[in-house]
Amino acid sequence: MYSDKEFWDKRFDDEGKVWGEIPSKSAHHAMELFRKHAVKSILIPGSGYGRNTRLFSASGFDVTGIEISTTACELAKQFDPASKVYEGSVLEMSFVPGTFDAIYCFNTLHLFCENDRRQFLQECLGKLVEAGLAFFTAFSEEEPSFGQGREVESNTYESRPGRPTHYFTEDDLREHFRDFEIIETGIVHEPEDHGGQPHTHILRYIFAEKAA
Ligand SMILES: C[S@@+](CC[C@H](N)C(=O)[O-])C[C@H]1O[C@@H](n2cnc3c(N)ncnc32)[C@H](O)[C@@H]1O
């Protein structure tokens, strides 16, 4: 079985900029919200090759990514040289200096089993300033692939051995963010065109503030 790093390195080696160069729709939404709240610095865990970091850095934000894949980090340095990127795991982020006004995280939280999801969110809390903001997207239970593969935990399925995907209901997502003040949640239809077939993901997003 591949480790996470080997899996993602192979994916980026084989497919390059897997999701194209255009940022996620949700990144535009997050940016509007961040602007309203006068955010300056943004941390992006699971930043990939930088299609979302680039939107924020080109718009004047001070952006830092964390990414486990060496290949993705190398691609990101070319594609978005204005952002900093640290190679390592989002499950232990102490190697990234400082704290941030906001976190934007696209489709990385659902890649983990429960203990790791909770640890990841605790790490995120530790990286936010007081009243810092978090905007996350993740797979919802309305995704077409929901229920496929072996169920390894509640609403978590392995499409391939060792590769869990968690599907969030509204209540579940809110419960994961119980240490935050939740400001807004919703569904986002995210069109993608990779793997030979255009398709649309049905994601949930959550916008929340670090509780006092
Ligand atoms: C579904 S992709 C999304 C990539 C990026 N957010 C985007 O939209 O282009 C998930 C990303 O998380 C990264 N990743 C997976 N596990 C990780 C971990 N434990 N620590 C840091 N990054 C991780 C992967 O390498 C991949 O770049």
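These are my notebook entries on a predicted model, in the order in which I looked things up.

**Overall form.** I began with the whole chain and counted 6 helices and 10 strands in its secondary structure. The C-alpha trace spans about 40 × 40 × 30 Å along its principal axes. I then compared the radius of gyration with expectation: a compact globule of 212 residues would have a value near 17 Å, and the protein has 16 Å, which agrees. Buried residues make up 40% of the 212 residues, and, among contacts with a separation of 6 or more, 66% are between residues 24 or more positions apart.

**Ligand shell.** Which residues come nearest to the ligand? Of the 21 residues around the ligand, I noted Trp-8, Gly-46, Gly-48, Ile-68 and Ser-89 as the nearest. The elements that contribute two or more residues to this shell are α1 (4-15), α3 (51-58) and β2 (62-67). By residue class, the shell holds 9 nonpolar, 9 polar and 3 charged residues.

**Helix α4.** I turned next to α4 (residues 70-79), where Ala-72, Cys-73, Leu-75 and Ala-76 are buried. Viewed down the axis of α4, the buried residues fall within an arc of 165 degrees, so they line one face of the helix. The general background is that an α-helix has 3.6 residues a turn, so residues three or four places apart point the same way. I also looked up what this buried set packs against, and found α1, α3, β2 and β3 (84-87); of these, α1, α3 and β2 had already appeared in my entry on the ligand shell.

**The β9–β10 hairpin.** Strand β9 (residues 180-194) pairs with strand β10 (residues 197-210) in the antiparallel sense, and I recorded 14 bridges between them. As one example of the register, Pro-191 has Thr-200 in β10 as its bridge partner. The hairpin has 2 residues between the strands, and Gly-195 takes a positive phi near 70 degrees there.

**Positive phi outside glycine.** I finished with two residues whose backbone angles caught my attention. Ala-131 is not a glycine, yet its phi is positive, at about 60 degrees; the residue lies in strand β5 (residues 128-139). Where does Asn-155 lie? I placed Asn-155 in the loop between β6 (150-153) and β7 (156-160), and its phi, near 55 degrees, is likewise a positive value in a residue other than glycine. For exposure, I noted that Ala-131 has 12 other C-beta atoms within 10 Å and is therefore exposed, whereas Asn-155, with 17 C-beta neighbours inside 10 Å, counts as partly exposed.

Note on methods
Residues numbered from 1 in each chain as written. Predicted model: local features only at pLDDT ≥ 70, side-chain atom pairs only at ≥ 80, totals over all residues. Near = placed C-beta within 6 Å. Helix = DSSP H or I, 4+ residues; strand = E, 2+ residues; numbered from the N terminus. Nonpolar A, V, L, I, M, F, W, Y, C, P; charged D, E, K, R; others polar. Pairing = 2+ DSSP bridges. Buried ≥ 20, exposed ≤ 12 C-beta atoms within 10 Å, placed from the backbone. Arc of directions from axis to C-beta. Contact = placed C-beta atoms within 7 Å. Rg over C-alpha atoms; globule rule 2.2 N^0.38 Å.
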